[in-house]
Structures are given as C-alpha cells and as structure tokens.
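Please take the sequence and the model together, and follow the chain from one position to the next as the paragraphs below describe it.

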Amino acid sequence: MEYIGYILLGLVVLVGLYVMGQYNGLVTLRNHVEEAFSTMDVYLTKRYDLIPNLVETVKGYAKHEKETFEAVISARNKAVNATTMEGKIEAENQMSGVLGRLFALAEAYPELKANVNFLDLQNQLKSVEEDIANARKYFNGVTRQYNTRIQVFPTNIIAGIFNFTKKPLFEVADEAQRQNVKVSF
C-alpha cells in the first residue's frame with residue numbers, strides 16, 4: 001500500500017511537470033507572436049511616416065485628385081490609430097488598396113514619375129514594403145505555430161484552462177486586394 005502512495009505522488013508530479021512545461025511553451029509561443037507583430041508594426045510605422053510626404057509630392061502634380069488623397073490619408077490615420085492586432089490587420093488591408101490607387105494615379109503624370117523626390121519616396125516605400133512582407137511571413141509563421149499548438153490534443157486542454165486564444169493571421173482580406181495593381185515606374 002505504501003508503494004501505491006509513492007506511485008500516485010510520482011504520477012501527480014509528472015502530470016504537474018507536464019502541465020507546467022506545456023504552459024511555459026504556450027507562453028513562449030504567445031510572446032513570439034507578440035514580438036513578431038511588434039517588429040512588423042515598426043515597419044508599418046515607417047510606411048505611415050512616408051505616406052504624407054508621398055501624398056504631398058503627388059498633390060503638386062495632380063491637384064484635382066482630391067478623393068484619392070483623402071482616401072490615402074484616411075486609411076493611414078485609421079491604421080495609425082488601430083489599437084488591436086485585428087484592427088491593425090484590417091486597417092493595413094485598406095491601406096494596401098489605397099496605396100495602389102495612389103501609384104496608379106502617378107501613371108497619368110509622366111513629369112511626376114520623373115520627379116527626384118517622388119522617385120526617392122517610391123524607393124524608400126518599396127524597401128519598407130519588402131521589410132513588411134518579410135515581417136508578415138515571420139508573423140504568420142509563428143502565429144500558425146502558436147495556433148496549431150493551442151488546438152492540438154492534449155495541449156488544447158491546457159490552453160483552454162489558461163485562456164490561450166487563437167491569434168489572427170495577417171492576410172489579404174478581399175479578392176480585389178489580391179489582384180496586382182499594374183504600376184510601372
């Protein structure tokens with residue numbers, strides 16, 4: 001009978017260590033997701049800082065395109081003011097769409113395409129967009145890993161007990177934004 005007590009105590013300790021290990025693994029993955037989003041947010045902020053300069057440069061050449069400029073600035077402000085991960089993702093999807101419209105607008109103004117400031121801003125934005133794309137890949141990778149971990153058995157039980165919830169992937173929201181905007185510089 002004495003051995004049964006030791007065996008039960010040993011099992012309780014093993015289960016406790018297992019739960020602790022799984023919990024710590026989930027916390028680590030959640031922190032990776034938050035770090036990845038934070039890194040991407042740095043690049044998004046760089047993009048937000050470039051947009052007003054780009055809009056002002058284009059405004060000088062295309063004064064009658066007020067609706068496009070307002071849409072770009074509105075999308076930028078919405079993205080800057082988004083406070084949640086989900087809100088930021090939604091705002092970024094809108095931002096991508098209106099930036100495409102802005103660059104398509106530039107096609108109609110050959111003298112704008114030759115402007116040194118515009119070309120510099122375009123190159124900076126292109127570089128930032130590449131950084132954002134890489135950060136999105138990393139974010140989606142760690143988010144997928146985290147989401148998978150909280151959904152598989154038996155870790156899903158531990159995740160449920162400690163309120164680990166699924167995180168959204170950073171995806172293009174609608175089919176119109178999946179289409180390439182033809183822009184040549």
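In which helix does L105 lie? L105 lies in helix α3, which spans residues 85–106, in what is a predicted model. With a relative accessible area of 9%, L105 falls under the 20% cut-off and is therefore buried. Leaving aside neighbours within four places in sequence, the residues in contact with L105 are V58, A62, E65, T68 and F69. One of these, V58, is 47 residues away from L105 in sequence, while the two C-alpha atoms are 8.7 Å apart in space.

The fold as a whole gives this position its setting. The protein chain has seven helices and zero strands, so that the pattern read along the sequence is α-α-α-α-α-α-α. Along the principal axes, the C-alpha atoms of the protein chain fill a box of roughly 90 × 25 × 25 Å. The radius of gyration of the protein chain is 24 Å, whereas a compact globule of 185 residues would have a value near 16 Å. Of the contacts in the protein chain with a separation of 6 or more, 78% are accounted for by residues 24 or more positions apart.

Two further positions in the helices can be read in the way that L105 was. K88 also has its place in helix α3 (residues 85–106), and, although lysine carries a positive charge in the count used here, K88 counts as buried because its relative accessibility is 6%, under the 20% limit. Apart from neighbours within four places in sequence, K88 is in contact with F37, D41, L44, Y48, A79, V80, A82 and F170. L54, by contrast, has its place in helix α1, which runs over residues 2–59. L54 is buried, with a relative accessible area of 2%, and, not counting residues up to four places away in sequence, L54 touches L102, F103, F118, L121 and L125. The C-alpha atoms of L54 and D120 are 9.5 Å apart in space, although 66 residues separate the two in sequence.

Helix α5 (116–151) offers a pair of positions to set beside these. A133 is found in helix α5 and counts as partly exposed because its relative accessibility of 35% lies between the 20% and 50% limits. The C-alpha atoms of A133 and I150 are separated by 26 Å, with the two positions 17 residues apart along the chain.

After helix α5 the backbone has two features worth inspecting. F153 and P154 are joined by a cis peptide bond with omega about 5°, and P154 lies in the loop between α5 (116–151) and α6. Further on, in the loop between α6 and α7, N163 has a phi near 60°, a positive value in a residue other than glycine. Most residues other than glycine have a negative phi, and most peptide bonds are trans. N163 is exposed, because its relative accessible area of 62% is over the 50% limit.

Which three residues form one aromatic cluster? The cluster consists of Y23, F162 and F164, and a search of the whole structure finds four aromatic pairs. In the pair of Y23 and F164 the ring centres are 5.7 Å apart and the planes stand at 70°, which is over the 60 degrees required, so the pair is edge-to-face. This pair links distant parts of the chain, since Y23 is in helix α1 (residues 2–59) and F164 in the loop between α6 (155–161) and α7 (175–178), 141 residues apart. The two partners differ in how they are covered, for Y23 counts as partly exposed at 30% relative accessibility, whereas F164 is buried, with a relative accessible area of 7%.

Seen over the whole chain, burial and surface complete the account. Buried residues make up 34% of the 185 residues in the protein chain. The accessible surface of the protein chain comes to about 11100 Å², and 57% of this belongs to carbon and sulfur atoms. The protein chain has 20 positive and 21 negative charges, and the mean positions of the two sets are 1 Å apart.

Methods: Residues are numbered from 1 along each chain as its sequence is written. This is a predicted model: local features need pLDDT of at least 70, side-chain atom pairs count only at pLDDT 80 or more; totals for chains, interfaces and linings use all residues. Side-chain values use heavy atoms; hydrogens and water are left out. Rings of Phe, Tyr and Trp (its six-membered ring) pair if their centres lie within 6.5 Å; planes under 30 degrees apart count as stacked, over 60 as edge-to-face and the rest as tilted. Helices (H or I, at least four residues) and strands (E, at least two) are DSSP runs, numbered from the N terminus. Buried means under 20% relative accessible area, exposed over 50%, partly exposed in between (1.4 Å probe, protein chains only). The radius of gyration is taken over C-alpha atoms; the globule rule is 2.2 Å times the number of residues to the power 0.38. Contact means heavy atoms within 4.5 Å. Accessible areas come from the Shrake-Rupley method with a 1.4 Å probe; for residues, only the protein chains shown count as cover. The place of a charge is taken as NZ of Lys, CZ of Arg, CG of Asp or CD of Glu.
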